[in-house]
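Thanks for coming. I will go through one model this morning, starting with some strand pairing and ending with a few single residues.

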Amino acid sequence: MIVTTTKGDMDDSLLEHRAGEIENDNELTTWTEYWLDGELVHRSAHVTLKKIPTFAGGAAASF
Amino acid sequence: MANTQSMVTSFLSELMLAQHQLGTSTIVSRGSLTAPTTDTLKAALYLASATVNASTTAYSATNEVSGTGYTAGGVTVTNATAPTSTNSSATAGVGFFTPSASIVYTTVTLTTAFDAVLIYNSTQSNKAISVHTFGSQTITAGTFTLTMPSNTTTTALLRLATT
């Protein structure tokens with residue numbers, strides 16, 4: 001797979017792949033990183049918003 | 001300094017003034033009586049050191065992210081779905097709206113940590129609508145995607161409820 005990096009497009013077989021995920025009440029976030037010789041050359045993130053904003057620090061906007 | 005997730009306060013009164021029209025236009029209003037248009041919403045990212053919150057009234061470039069591939073002001077939000085309202089009783093109702101597609105910043109490099117997105121109405125003098133926060137992120141030659149929650153009474157991105 002070709003990956004867009006700071007060095008240009010590269011085949012992922014040449015890169016170290018790291019990925020992670022965090023989930024809490026507010027979001028589900030995943031990220032993907034590609035490293036080349038200890039240098040971060042690509043990082044993407046995907047945030048799924050889960051929580052509606054509160055109004056003025058209270059409950060859901062109400063009036 | 002910190003960003004705080006909230007629907008902005010000014011949005012509430014602006015709704016009563018009909019200053020926003022989210023989603024597919026359903027009424028004849030404002031600019032043209034014969035060809036009403038939907039307002040354009042945009043989404044701008046803010047640094048973790050910024051202060052965007054319920055008191056934010058309009059988009060500002062101050063403390064907005066900057067970097068390769070990112071245009072000041074952010075990206076256009078797809079808002080093809082009109083707001084919906086429903087009620088479960090005479091005194092309990094809810095109006096809700098969610099953009100109809102993910103918000104995507106394609107092939108950007110944002111090296112300073114950011115943790116908030118401001119959704120605002122670029123048609124109506126960049127009036128602020130809401131702030132949404134998430135864990136701090138940086139992007140390197142990559143894509144940042146914000147996926148919207150389900151557009152329901154309990155999970156929609158914007159929700160106005162009677163109690």
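Strands β3, residues 16-23, and β4, residues 27-36, of chain A run antiparallel to each other, and their pairing covers 8 bridges. Keep in mind that this is a predicted model. The two strands make a hairpin, and 3 residues sit between β3(A) and β4(A). If you want one pair to find on the screen, take A:Arg18, whose bridge partner in β4(A) is A:Glu33.

β4(A) also pairs with β5(A), again in the antiparallel sense, and here there are 10 bridges. A pair to look for is A:Leu28 with its bridge partner in β5(A), A:Thr48. β4(A) and β5(A) form a hairpin too, with 2 residues between the strands, and in that hairpin A:Asp37 has a positive phi near 50 degrees. As a general point, side chains in a regular strand alternate between the two faces of the sheet.

Now chain B. It has 1 helix and 8 strands. Reading from the N terminus, the order is β-α-β-β-β-β-β-β-β. The chain has 163 residues, and 48% of them are buried. Taking the contacts in chain B between residues at least 6 apart in sequence, 69% connect residues at least 24 apart. Chain B exposes about 7000 Å², of which 55% comes from carbon and sulfur atoms.

Next, the cores. Which residues touch the most other members of the largest nonpolar core? They are B:Leu45, B:Tyr105, B:Phe144 and B:Leu146, in a core of 41 residues. The elements giving two or more residues to this core are β5 (39-49) from chain A, and β2 (41-47), β6 (103-121), β7 (127-147) and β8 (158-161) from chain B. β6(B) provides the largest share, 10 residues. There is another core apart from this one, with 6 residues, including A:Leu15, A:Tyr34, A:Leu36 and A:Val41.

Back to B:Tyr105 for a moment. Setting aside residues up to four places away in sequence, B:Tyr105 touches B:Ala43, B:Ala44 and B:Leu45, among others. Its list of contacts also includes B:Tyr70, B:Gly74, B:Val75 and B:Val117, as well as B:Gly142, B:Thr143 and B:Phe144.

Two further residues, both in β6 of chain B. The first is B:Asn121, which lies in that strand. Is B:Asn121 buried or exposed? Its relative accessible area is 0%, so B:Asn121 counts as buried. Its side chain makes a polar contact of 2.8 Å with the side chain of B:Asp39. A polar atom of the B:Asn121 side chain also lies 3.1 Å from the backbone nitrogen of B:Gln124.

The other is B:Thr112, also found in strand β6 of chain B. Why does B:Thr112 count as partly exposed? Because its relative accessibility is 47%, and the partly exposed class lies between 20% and 50%. Leaving out neighbours within four places in sequence, B:Thr112 is in contact with B:Leu47, B:Gln137 and B:Thr138. For a sense of distance, B:Thr112 and B:Gln21 are 91 residues apart in sequence, and their C-alpha atoms are 33 Å apart in space.

To recap: in chain A, β4 pairs with β3 over 8 bridges and with β5 over 10. In chain B, B:Asn121 is buried, whereas B:Thr112 is partly exposed. That is what I have.

Technical notes. Residues numbered from 1 in each chain as written. Chains lettered and ligands numbered in written order. Predicted model: local features only at pLDDT ≥ 70, side-chain atom pairs only at ≥ 80, totals over all residues. Heavy atoms only, no water. Core = buried A, V, L, I, M, F, W, Y, C linked by side-chain atoms within 4.5 Å. Buried < 20%, exposed > 50% of the residue type's maximum accessible area, 1.4 Å probe, protein only. Helix = DSSP H or I, 4+ residues; strand = E, 2+ residues; numbered from the N terminus. Contact = heavy atoms within 4.5 Å. Pairing = 2+ DSSP bridges. Polar contact = N/O pair within 3.5 Å; in protein donor to acceptor, adjacent residues only side chain to side chain. Areas by Shrake-Rupley, 256 points an atom, 1.4 Å probe, with all protein chains shown as cover.
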